[in-house]
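Please open the model in your viewer and keep the selection panel at hand. We will go from stop to stop, and at each one I will tell you what to select and what is there.

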Amino acid sequence: MIRVEGLTKTFHDLKRGEVAAVDRVSFHVAPGEIFGLLGANGAGKTTCLRILSTVLKPTHGLAMVAGHNVLTEPAAVRARIGFMSGNTGVYDRMSAWEFVHYYGRLYGIAENRLRERMEEVFEILQMNDYRDLPGARMSTGMKQKVSIARTIIHDPPVMIFDEPTSGLDVLVARALLTTIESLKAAGKCIIFSTHIMREVERLCDRIAIIHRGRILAAGTVAELEAEHSQPDMEELFFDLITKMGTGPINGDTRDSGSTQD
Amino acid sequence: MDFPTWSRSVSRIGLIVSRELRDQMRDRRTMFLVVVLPMLLYPALGLGMMQLTLLFGEQPRTVILLGADNLPDDPVLFVNDRFAVEWLRKGSDPNRLRVVSDRTPSAEGSESLEAAQVSDKRREKLLAAARAVQQTLESEGAEAAGRVFDAAELEAVLLIPPGFRDSLASVRQRLDQGEGTVEADWQRPAVVYNKAAEKSAATWMRTTAVLERWEGAILADLLKRARLDEAFTHPALADPIDLSLPAQVSASLWGRLFPAFLVIMAVTGAFYPAIDLVAGEKERGTMETLLICPATRLEVVLGKFVTVMLFSMTTAMLNLVSTGFTGKQLLAMAPAQGSGGSFDLPPVTTLVWLGVLLLPLSALFSALALALATFAKSSKEGQYYLTPLLMVTMGLTVFCLTPGTELTPQLCLLPVVGPALLLKGLLLSPAQAGSVGVYILPVLVSSCVYSGLALWWAVELFHREEVLFREGERFELVPWLKDLWRTRGELPTFAQAATCFSLIMLLQFFASGWFPKPPADATSVERGTMMLQQVIMQQCLVIAGPACLMAVALTRNPQRTLRLRGATLGWIAGGAALALCLHPPTVELQERMKWFFGELPPAAKGMFESLGDPEIPIGLLFVAIAIAPAICEELAFRGFILSGFGSRGRFILAILFSSLMFGAVHMIPQQVLNAGLLGTLLGWMAVRSGSLLPGFAFHLVNNALGLWHGRVGTPWGEAHSATWFADTVGGSLRYSGLTVAVGLAMAVGIVVSLRRRLAGCLRQG
């Protein structure tokens with residue numbers, strides 16, 4: 001469902017020149033699977049996901065989403081993904097209902113079908129109490145739920161969650177993770193980016209640890225812990241970052257893309 | 001695009017427009033600015049200004065009268081410590097002008113003017129200061145007197161010279177006795193004031209109004225004694241006959257007011273919504289969500305553009321309506337100002353045109369505001385980026401408001417200026433709309449083209465990640481310069497090419513002041529020689545200099561950038577032959593476009609005439625007019641600038657842009673069109689051949705032929721009888737239709753041949 005090969009994205013920096021935010025990254029994600037992208041702040045997770053959602057164009061490499069190339073068929077890709085980030089993107093002067101309706105119409109859902117689907121989604125996410133509340137008066141948790149509703153309203157086969165629990169309290173974060181689990185059960189192909197180890201252990205079928213734009217290690221949680229002789233994810237993450245983070249990154253001839261899958 | 005795709009696209013644009021409109025209408029600040037402000041502000045502002053004017057008008061001013069005892073008894077200027085009532089404007093308040101005189105105040109009269117009196121202490125102080133001004137004026141001159149005047153905060157001093165009363169009495173007596181010649185060489189009263197100080201100027205105006213009436217009475221008396229009619233004071237001129245109708249007076253007012261308001265309010269109306277819809281969305285983090293939905297970037301930009309445009313138009317219309325009614329109401333309340341209180345609003349047809357012209361204006365401002373707001377990552381930054389747009393628009397508006405600025409064929413093509421001047425013309429003379437009506441189509445077409453270009457720019461920017469997702473970077477000069485050096489490419493960038501052109505234009509502007517002017521007593525030959533030397537220096541320093549320096553400093557391959565490569569003999573000969581063939585058509589085009597460009601500006605005309613002097617060395621003339629421009633302008637425009645514009649592979653656009661700039665650098669409107677057209681051909685040759693040499697050959701031959709045409713052509717035409725080829729018309733050599741047609745046909749043949757030659761080379765290569 002998602003296939004990424006040698007994906008690279010460089011940016012120009014005044015002091016450092018060309019900097020690779022994503023450097024030869026490769027992985028694939030199958031339907032009904034949650035793939036975790038784990039990394040510290042600034043590791044390149046968001047850039048990678050922005051490329052998959054066609055907001056940014058890759059400098060090199062290939063990224064296919066639901067059978068469509070992000071570079072040559074961006075519209076087809078956008079129609080088949082749901083993207084949610086920590087930044088909810090909820091408009092201050094729009095109610096929850098209006099916001100989801102607006103995006104539902106942009107996704108081309110017919111009016112009658114959209115209303116039925118909205119009733120269904122609002123019921124599942126328990127949002128009926130504040131369906132008419134404007135974004136400016138919503139709590140962070142409410143906004144995040146509205147954002148989930150916007151992400152799933154068109155029932156996309158691929159879903160991307162970029163640090164969705166950042167800034168949420170435990171209760172809301174837990175509800176969100178449960179929703180993502182139910183989406184997996186429904187056969188969706190999911191990429192889940194985070195820097196919280198517990199979420200990874202709970203949700204992800206496979207993970208990739210990304211640092212300075214490169215994938216340092218990839219596999220199931222159990223495989224990685226065993227391979228690196230670490231008791232849990234936190235120790236494993238810290239060990240990898242400490243070892244690799246100080247090594248040469250730019251100019252390193254090792255192909256990190258070959259370390260996955 | 002097939003119909004279902006197109007229909008889906010329109011539907012998504014509609015959805016975006018409807019959301020953005022609803023969002024903006026829920027924003028109290030926007031609604032206040034667009035709706036409430038115009039409805040409330042102008043009436044309130046109008047009333048406030050009226051009150052202020054009345055208050056300011058009623059402020060009493062003080063004039064010091066020195067030498068009051070020198071005033072004649074008849075007619076009496078000054079009585080009971082004030083100017084006599086008969087010299088004041090009818091109905092005006094005598095207390096508006098206080099008079100402090102050096103005559104001892106009388107007891108009666110001061111009671112009736114209690115409000116206008118000043119205390120004795122202040123009176124003495126003012127008189128002392130006025131005397132000091134008088135003495136300084138006599139002993140040290142105006143500059144020193146001005147310092148004393150300002151230090152004492154005086155408003156005006158009326159000096160009545162000693163003997164004025166006696167001189168006047170003597171003249172009257174001599175006139176009564178019928179003496180032949182009566183000299184008028186006595187000293188007159190004078191008002192001392194400071195025009196630069198507002199209060200002093202106001203006092204002077206009020207005092208002068210009084211003195212003029214008083215002087216009129218003295219003059220009438222003298223004329224009577226000389227047995228002359230009062231009308232002798234105006235022996236040649238009768239009172240002017242004003243044929244203006246009240247409707248025309250109103251039209252004159254609206255003609256000045258409405259275009260300015262329309263332009264300013266259209267840009268203001270686009271300003272805040274554009275910032276909110278782009279920079280604001282980025283700041284709030286909602287932009288990325290929108291970009292991930294199936295709507296394309298073009299659809300997103302169009303949706304936002306339509307919204308901003310609607311707000312721009314609504315703001316402009318509401319402001320105009322409010323201003324119109326407020327103005328009408330205020331003018332009706334001030335009947336004394338001119339038209340008896342009847343100020344009609346413009347006719348409906350003019351208002352319809354106003355709406356039509358608002359469309360391209362709002363479209364241009366909305367597209368530009370959207371494009372500029374794309375650079376900003378927050379609303380605050382958005383204001384910084386958009387402020388220059390506001391300032392430039394205001395500058396253009398002030399230009400349009402300048403009395404005497406009218407629509408011309410050139411001005412009608414300028415953005416903002418064209419619509420504003422057209423509207424001004426339509427409002428000023430609705431009955432004679434036909435005279436400006438010819439400009440309606442050019443104004444609308446050019447405005448639509450500018451709006452389209454601005455919208456295209458906005459869409460382009462929305463596709464550029466480095467603009468849309470720009471991170472906030474602190475600007476540091478040294479890292480920036482290092483980066484510029486480190487990242488310099490084989491060819492310059494688009495921005496560097498644009499910077500080079502801007503630099504050339506700036507240097508050209510300032511260079512006109514750097515070069516010394518020829519002395520006033522210089523002969524025509526000396527002036528011409530000096531000017532030619534300056535032309536050569538200007539070409540080298542101002543045009544070629546920046547291009548060569550930037551090529552060396554900003555690119556890795558200056559040789560490729562400046563196209564310093566050899567070319568086949570065929571291309572070079574082809575370039576020269578093309579110039580030869582195109583000479584007659586370009587001369588004819590220039591002549592036939594005179595209706596559009598008008599006559600040459602006097603300075604340019606004088607310059608060309610002085611170059612025609614046969615005593616100017618032909619070698620110098622050839623170097624300055626033909627060789628230097630051929631080298632320098634080709635290096636700059638077909639070298640650095642064309643390479644920069646074409647660095648992304650868009651050669652057609654690069655040729656068009658570089659030729660536009662090549663036209664613009666010629667400054668003289670008559671040369672702009674020809675240079676622009678020839679620039680397209682020169683650009684094509686440079687891109688196709690990869691060398692500057694064919695363009696150099698073309699440029700050299702073209703300018704040399706121009707030189708020949710101006711200096712030798714006319715005498716040749718007069719000496720030879722070959723009308724089938726050319727003839728002298730109105731002192732200029734004009735080519736026949738046959739010559740022009742043959743020239744054009746041969747030029748097309750050469751271009752086709754060069755294309756084939758190139759295709760052949762490529763096949764062989």
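Start by selecting A:F35 in this predicted model: opposite A:F35 stands A:I191, in strand β8 of chain A. Now extend the selection to the whole of β8(A), residues 189-194, and to strand β3 of chain A. The two strands run parallel and are paired over five bridges.

Next, pick A:G36. Which residue of β9(A) stands opposite A:G36? It is A:I207. Colour strand β9 of chain A, residues 206-211, and you can follow four bridges between β9(A) and β3(A), again in the parallel sense.

Stay with β3(A) and show its side chains. A:F35 and A:L37 point to one side of the strand, while A:I34, A:G36 and A:L38 point to the other. Are these residues buried or exposed? They are all buried. With five of its five residues buried, β3 (residues 34-38) of chain A is largely enclosed by the rest of the structure.

**The open sheet of chain A**

Now select β1, β2, β4 and β5 of chain A. These four strands form an open sheet in the order β2-β1-β4-β5, and the pairing is antiparallel. At the edges sit β2 (17-29) and β5 (68-69) of chain A, each of which pairs on one side only.

Zoom in on β1 (residues 2-13) and β4 (residues 60-65) of chain A, an antiparallel pair joined by five bridges. For one example, click A:V4: its bridge partner in β4(A) is A:A63.

Then add helix α1 of chain A, residues 45-52. What does this helix lie across? It lies across β1, β2 and β4 of chain A, and it runs at about 115 degrees to β1(A).

**Domains of chain A**

Zoom out and colour chain A by its domain assignment: domain 1 takes in 2-80 + 160-259, and domain 2 takes in 88-155. The C-alpha centres of these two domains of chain A are 27 Å apart. Where they touch, domain 1 of chain A contributes eight residues and domain 2 of chain A contributes five. On the domain 1 side, helix α6 (residues 170-185) of chain A gives the largest share, three residues. By class, that side of domain 1 of chain A has five nonpolar residues, two polar and one charged.

With all of chain A in view, you can trace nine helices and 10 strands. The radius of gyration of chain A is 19 Å, close to the 18 Å from the globule rule for 261 residues, so chain A is as compact as a globular protein of that length. Along the principal axes, its C-alpha trace spans about 55 × 40 × 35 Å. In chain A, 47% of the 261 residues count as buried.

**Crossing to chain B**

Bring chain B into view and select the contact between the chains: 22 residues of chain A meet 24 residues of chain B. On the chain A side, α2 (74-79) and α3 (96-106) each supply at least two residues. The largest share, four residues, comes from α3(A). The side of chain A that touches chain B is made up of 12 nonpolar, five polar and five charged residues.

For a close-up, pick A:A75, which lies in helix α2 of chain A. A:A75 is partly exposed, with 13 other C-beta atoms within 10 Å. Which residues does A:A75 contact, leaving aside its neighbours within four places in sequence? They are B:P294 and B:T296. You can also draw a distance from A:A75 to A:S53: the two are 22 residues apart along the chain, and their C-alpha atoms are separated by 9.9 Å.

**A last look at chain B**

Finally, colour chain B by its three assigned stretches: domain 1 (3-51 + 246-468), domain 2 (60-233) and domain 3 (492-764). The C-alpha centres of domain 1 of chain B and domain 2 of chain B are separated by 53 Å. Switch to a cartoon view of chain B and you will find 27 helices and eight strands. Chain B has a radius of gyration of 35 Å, whereas a compact globule of 765 residues would be near 27 Å. Its C-alpha atoms fill a box of roughly 115 × 75 × 55 Å along the principal axes. Buried residues account for 35% of the 765 residues in chain B.

Methods
Residues numbered from 1 in each chain as written. Chains lettered and ligands numbered in written order. Predicted model: local features only at pLDDT ≥ 70, side-chain atom pairs only at ≥ 80, totals over all residues. Contact = placed C-beta atoms within 7 Å. Nonpolar A, V, L, I, M, F, W, Y, C, P; charged D, E, K, R; others polar. Domains from an automatic or database assignment. Rg over C-alpha atoms; globule rule 2.2 N^0.38 Å. Buried ≥ 20, exposed ≤ 12 C-beta atoms within 10 Å, placed from the backbone. Pairing = 2+ DSSP bridges. Axes fitted to C-alpha atoms, helices over the stretch in contact; angles between N-to-C directions.
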